[in-house]
Amino acid sequence: MSMTARRRDAVENRAGIVDAATAVIGHDPRASIADIAARAGLSRRALYGHFDDRDAILREVIATGAARFNVIADTIDDPDSRVALARLASELWREAAHVQAAAALALDDTHLPQTSAALAPLRRRIDAIVRRGQEAGELRTDLPAPTLSRLLEETGRMVVARVDAESASARGIAVTAVLGIAGLSWTEARELLTQHPDLEAE
């Protein structure tokens, strides 16, 4: 096998391990190296050929998931801040496996600093949407923008961690919960979803 082919195999194996870890951790944040290796179809020894330890794998899962979230955040450009928040929650939910793995890790204080740093672009987008929405009178103004932004983030994270991703209504629940914290009543949130059916569509 050529050097190029070996390098390609190594990259693919590493990506496969990260994908396996993402899936396993999404279901069990305490998943072991053995669980991850089994899901990846590798021996523990082969897995250690790519990562030094479990924590190194978790760092890669966080970085990979955060990169996907940040790309999604960059695509949100709806002029109405309510629709922008709803679309952000909806599109992040599409990445259900990665969202759940990252949420599980983010809820773990051990990885909070790394998760916070990795998700900085997403947080900046949420902050910008909130400030614009408050200035336009579209979002609640009884809370300072930084506080509302953090509450929105925590709400999204908790919904992801607590709601079954396989449920047909999961995306709608996630969007409605975020909009509720943003200041919309549940009926206003449902009306917005009715006007934008793509936010719930599979």
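## Exercises on salt bridges in a predicted model

Arginine 87 and aspartate 78 are joined by a salt bridge, in which the closest N and O atoms lie 2.9 Å apart. The model is predicted, and the exercises below begin with this pair.

**Exercise 1. Determine whether arginine 87 is buried or exposed, and describe its surroundings.**

Step one is to place the residue: arginine 87 belongs to helix H5, which covers residues 81–94.

Step two is to look at its accessibility. Arginine 87 has a relative accessible area of 17%, and because buried means under 20%, the residue counts as buried. Its salt-bridge partner, aspartate 78, is buried as well.

Step three is to list the neighbours. Leaving aside residues up to four places away in sequence, arginine 87 touches Ile76, Asp78, His196, Asp198 and Leu199. With one of these, aspartate 198, the side chain of arginine 87 makes a polar contact through the partner's side chain, at 2.7 Å.

**Exercise 2. Find which helices are tied together by the salt bridge between glutamate 60 and arginine 14, and say how exposed the two residues are.**

Begin with the contact itself: the side chains of glutamate 60 and arginine 14 meet in a salt bridge, with 3.5 Å from N to O. Glutamate 60 sits in helix H4 (residues 54–75) and arginine 14 in helix H1 (residues 3–27), so the pair ties together parts that are 46 residues apart in sequence.

Then consider accessibility. Glutamate 60 is partly exposed, with a relative accessible area of 27%, and arginine 14 is also partly exposed, at 32%.

**Exercise 3. Describe the salt bridge between arginine 123 and glutamate 153, and name the network to which these residues belong.**

The closest N and O atoms of arginine 123 and glutamate 153 are 2.5 Å apart. This pair links distant parts of the chain, since arginine 123 is in helix H8 (residues 120–135) while glutamate 153 is in helix H9 (residues 145–162), 30 residues away. Both residues are buried. Finally, a network of salt bridges links Arg123, Asp127, Arg150 and Glu153.

**Exercise 4. Set these pairs within the whole protein by stating how many salt bridges, helices and strands there are.**

The structure holds 11 salt bridges, and the protein has 11 helices and 0 strands. Of its 202 residues, 43% are buried. Among contacts between residues at least 6 apart in sequence, 64% join residues at least 24 apart. The accessible surface comes to about 10400 Å², and carbon and sulfur atoms account for 53% of that surface.

Definitions and conventions. Residues are numbered from 1 along each chain as its sequence is written. This is a predicted model: local features need pLDDT of at least 70, side-chain atom pairs count only at pLDDT 80 or more; totals for chains, interfaces and linings use all residues. Side-chain values use heavy atoms; hydrogens and water are left out. Helices (H or I, at least four residues) and strands (E, at least two) are DSSP runs, numbered from the N terminus. Buried means under 20% relative accessible area, exposed over 50%, partly exposed in between (1.4 Å probe, protein chains only). A polar contact is a pair of N or O atoms within 3.5 Å; within protein, one must be able to donate a hydrogen and the other to accept it, and residues adjacent in sequence count only if both atoms are side-chain atoms. Contact means heavy atoms within 4.5 Å. Accessible areas come from the Shrake-Rupley method with a 1.4 Å probe; for residues, only the protein chains shown count as cover. A salt bridge is a side-chain nitrogen of Lys or Arg within 4 Å of a carboxyl oxygen of Asp or Glu.
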